[in-house]
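The following exercises practise the reading of charged pairs and backbone angles in a protein model. Please work through each task before reading its solution.

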Amino acid sequence: MNIKTQLLKLLESNRDAHISGADLARELDVSRNAVWKAVESLRAEGYGISAVPNKGYRLDDSGDILSAAGISGFLRHGGAFIVHTRKSVTSTNTVLRDMAASGAPEGTVLAAETQTAGKGRQGRSFHSPAKHGVYFSLLLRPGVSAVDASMITSAAAVAASRAIEEFFTGVQVGIKWVNDLFVNGKKVCGILTEAAFDMESGLVESVVLGIGINITKPEDGLPDELGDVVATLTDSTSGSDGQRNRLIAATLDNFWELYLKLSDKEFLGEYRSRSIVLGREIYVMSGVDKKAAHALEIDDDCGLVVRYENGEIATLASGEVSIRPR
Ligand code: BTN
């Protein structure tokens, strides 16, 4: 962890008091000048850090800055990730895919304040207003087949569910197959996984796992077309209260633990128990068509086993379903 990241961590954990430059220098085992330089560098990233003579430094309350140092400081598996942040990108998935093509290693993370062309599944867009959510992508190089890679998305759904519940007390996250996270019947998080294949081996060369979580309500509300189906984790409209770096770090850490033993499929039990479609009457969507079915089970490859109204049983490997109103 570099000095800036360690300093931010110390300031974050002492938000209610000033810490003197001398104490910080001792704690970080660097010179006071190095502390001052790190403070300046954090300020340049947008962190409000007040300095009071004879008292020291303190992080301002308003500090909800999305930053690489902020995210890295909260990571338990810090060594696994190289974190980058940007103010605005088209789509973190698109930019990270380009970084992957230029040789970026597994564990590269790109998070953005806002996306101008955030991508959702099935060619949809993903609304990504600044300060009101987290939008980030993780590059993986798993060297596995397409079927095994599809488990990455399901593991990510469980990881993000756990992270959300950790920070938002009382919130219970359900998973709508394949990978939409729902709270109180509305979608709060979407996951888009994009893979590149090695044509020679047929194996997946790289996977860009993109996660978007809606935290607070934009001042001008959600776009009308999203109003019925999409929600935010809190009713607040006032930015996300310092939680964004923590939420990204917790999601990455949770995911990493599942990813390291992906083939054990240990998370499947939790994936099933979080499912909001199992046992329900659903529609299987196919373009503009929808076919009524009953959701029977989620198999060991995370396929959704359904029974159509004519009695035919099918296993869906991917696609989109919606829950039929009772
Ligand atoms: C969906 O709900 O259909 C999937 C949405 C995925 C959104 C995330 S936000 C970060 C990453 N970058 C994107 O452009 N999309 C994903």
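The exercises below treat salt bridges and then the backbone.

This is a predicted model, in which local features need pLDDT of at least 70 and side-chain atom pairs count only at pLDDT 80 or more, while totals for chains, interfaces and linings use all residues. Residues are numbered from 1 along each chain as its sequence is written, and side-chain values use heavy atoms, with hydrogens and water left out.

**Exercise 1.** Determine how many salt bridges the structure holds, and where the partners Lys119 and Glu194 lie.

Solution. Begin with the criterion: a salt bridge is a side-chain nitrogen of Lys or Arg within 4 Å of a carboxyl oxygen of Asp or Glu. The structure has 17 salt bridges. In one of them, the side chains of Lys119 and Glu194 meet with an N to O distance of 3.0 Å. This pair links distant parts of the chain, 75 residues apart: Lys119 is in the loop between strand S4 (108-115) and strand S5 (133-140), and Glu194 is in strand S8 (residues 186-197). Here helices (H or I, at least four residues) and strands (E, at least two) are DSSP runs, numbered from the N terminus.

**Exercise 2.** Decide whether Asp180 and Lys187 are buried or exposed, and classify Glu266 and Lys261 in the same manner.

Solution. First, fix the classes: buried means under 20% relative accessible area, exposed over 50%, and partly exposed in between (1.4 Å probe, protein chains only). Next, consider the salt bridge of Asp180 with Lys187, whose closest N and O atoms are 3.1 Å apart; both residues are buried. Then turn to the salt bridge between Glu266 and Lys261, where the closest N and O atoms are 3.0 Å apart. Glu266 counts as exposed because its relative accessibility is 53%, whereas Lys261, at 34%, is partly exposed. In addition, Arg162, Glu165, Glu270 and Arg274 are joined into one network by salt bridges that share partners.

**Exercise 3.** Identify which peptide bond at Val178 is cis, and state the phi values of Asp29 and Asn54.

Solution. The cis peptide bond runs from Trp177 to Val178, with omega near 5°. Val178 is placed in the loop between strand S6 (174-176) and strand S7 (180-183). Asp29, a residue other than glycine, has a positive phi near 60°. Asp29 lies in the loop between helix H2 (21-28) and helix H3 (32-44), and its relative accessible area of 70% makes it exposed. Asn54, likewise not a glycine, has a positive phi of about 65°. Asn54 is in the loop between strand S1 (49-52) and strand S2 (56-59), and is exposed at 86%.
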